[in-house]
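Please open the model in a viewer and keep the selection tool at hand. The tour below proceeds from one selection to the next.

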Amino acid sequence: MVCISARRARGEFNLSMRKNIELRPNLETLFGTRDENLHLIENGLNVTVELESDSVRIEGSAEDVARVERVFDDFEYLRSRGQLLYNGELNSMLRVLVADPEVSLRQLADAGKQRSVGAKRQVQPKSVHQRQYLEAIEQSDMVFGIGPAGTGKTYLAVAMAVSYLVAKKVQRIILARPAVEAGERLGFLPGTLQEKVDPYLRPLYDALYDLLEPEKVDRFLEKNVIEIAPIAFMRGRTLNDSFVILDEAQNTTSEQMKMFVTRLGFNSKAVITGDITQIDLPNTARSGLIEAMNVLQGVEGIRFQMFNETDVVRHQLVQRIIRAYEDYRARDERQLSLQLEGEAARPAELPIAEKAKAGSAIQQ
């Protein structure tokens, strides 16, 4: 059934379509807890979805109704083949789907199966940029993931590394990080070399233990199948059959970054992650990540994926905090620019010696 309604406020006609879809098993899973998935579909695709006695009624533009109908069809297709999608996983997939008309639920589910990290979970993106990031890792040998905290840069890179290891596409994972404190000095740390560097590498351990069973992680670490080391220990090595991750790359120097990106051997991948707004290097040192963004842009086989606050997968407050800092920095830069323009427009003052000469000339 099709009806036409005039939107007088906008002075245009909106072709609205109404379609009923037969009720299918397990629809409550698709709708989500307290219908959160349903609300996401309605708001993201500008449709209304109503549950009737024997069907689901969808109303919206023809294109949007067709996209919602495909979601229902894909969900039924996956369910009939025994692929169960849990609410958190399904919600993430629907967020990507409503933001990107080029993808379908079935495509996302199939891609997730290929990125399995064992019995525990599959790797599923939670935003369009995260999906592009995962695809870039699959298609390119070196990928830079750059953006604010909480956007999943490190976690997804570690998840992809584990996926490649489990699928036997690589023989080992190497995780590196510069040993730089975040604005404070920790002094000399006691213990063995591993105990000294562990505090700097804790986020990488957290991701590993979240993705794999603790016993398996410990076994891989013991056998050096997973190796975690400061970037300083990379010099002179050639990393073959490896998935290599450099985290917190904004804290590498220019020399360290050049050294790291030239370690890549045969059948290896490298992912470099960082946030250029959180550089903890001394003022005199230039960030190797910023330099690499300028030097390596356009090099074949290297991809750059940028993230922003909309990709943050932590508490919603983190998104607002990042946006507030970005707005503050933009205002600060504008103010500085206006200040410099004002100083440039002001007539230049003569040096003191020149003033003295001019004064004596006037007196004569």
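Which residues does F243 touch, not counting residues up to four places away in sequence? In this predicted model, select F243 to begin. The residues that F243 touches, with that exclusion, are I137, A157, M160, A161, Y164, V170, R172, I173, I174, K269 and V271.

Next, widen the selection to the largest nonpolar core, which has 35 residues. Within this core, V158, L175 and F243 touch the most other members. Elements that give two or more residues to the core include helix 6 (128–139), helix 8 (193–211) and strand 8 (242–246). Helix 7 gives the most, with nine residues. A second, separate core may then be selected: this set of 29 residues includes V56, V68, L97 and V103.

Proceed to E89, which is found in helix 4 (residues 87–99). Apart from residues up to four places away in sequence, E89 touches L84, Q122 and Q124. Add A109 to the view: E89 and A109 are 20 residues apart in sequence, and their C-alpha atoms are 9.6 Å apart in space.

Now select S254 in helix 10 (residues 254–261). Its contacts, leaving aside neighbours within four places in sequence, are R286, G288 and E291. The side chains of S254 and E291 are joined by a polar contact of 2.4 Å.

Finally, turn to the surface and select L317, I321 and Y325, which make a nonpolar patch of about 310 Å². L317 lies in helix 12 (residues 316–345). This residue, L317, is partly exposed because its relative accessible area is 42%, between the limits of 20% for buried and 50% for exposed.

Terms used
Residues are numbered from 1 along each chain as its sequence is written. This is a predicted model: local features need pLDDT of at least 70, side-chain atom pairs count only at pLDDT 80 or more; totals for chains, interfaces and linings use all residues. Side-chain values use heavy atoms; hydrogens and water are left out. Patches are made of residues with over 30% relative accessible area and no salt bridge: like charges are joined within 9 Å, nonpolar side chains (Val, Leu, Ile, Met, Phe, Trp, Tyr) within 5 Å. Accessible areas come from the Shrake-Rupley method with a 1.4 Å probe; for residues, only the protein chains shown count as cover. A salt bridge is a side-chain nitrogen of Lys or Arg within 4 Å of a carboxyl oxygen of Asp or Glu. Helices (H or I, at least four residues) and strands (E, at least two) are DSSP runs, numbered from the N terminus. Buried means under 20% relative accessible area, exposed over 50%, partly exposed in between (1.4 Å probe, protein chains only). Contact means heavy atoms within 4.5 Å. A polar contact is a pair of N or O atoms within 3.5 Å; within protein, one must be able to donate a hydrogen and the other to accept it, and residues adjacent in sequence count only if both atoms are side-chain atoms. A nonpolar core is a set of buried Ala, Val, Leu, Ile, Met, Phe, Trp, Tyr and Cys residues joined through side-chain atoms within 4.5 Å.
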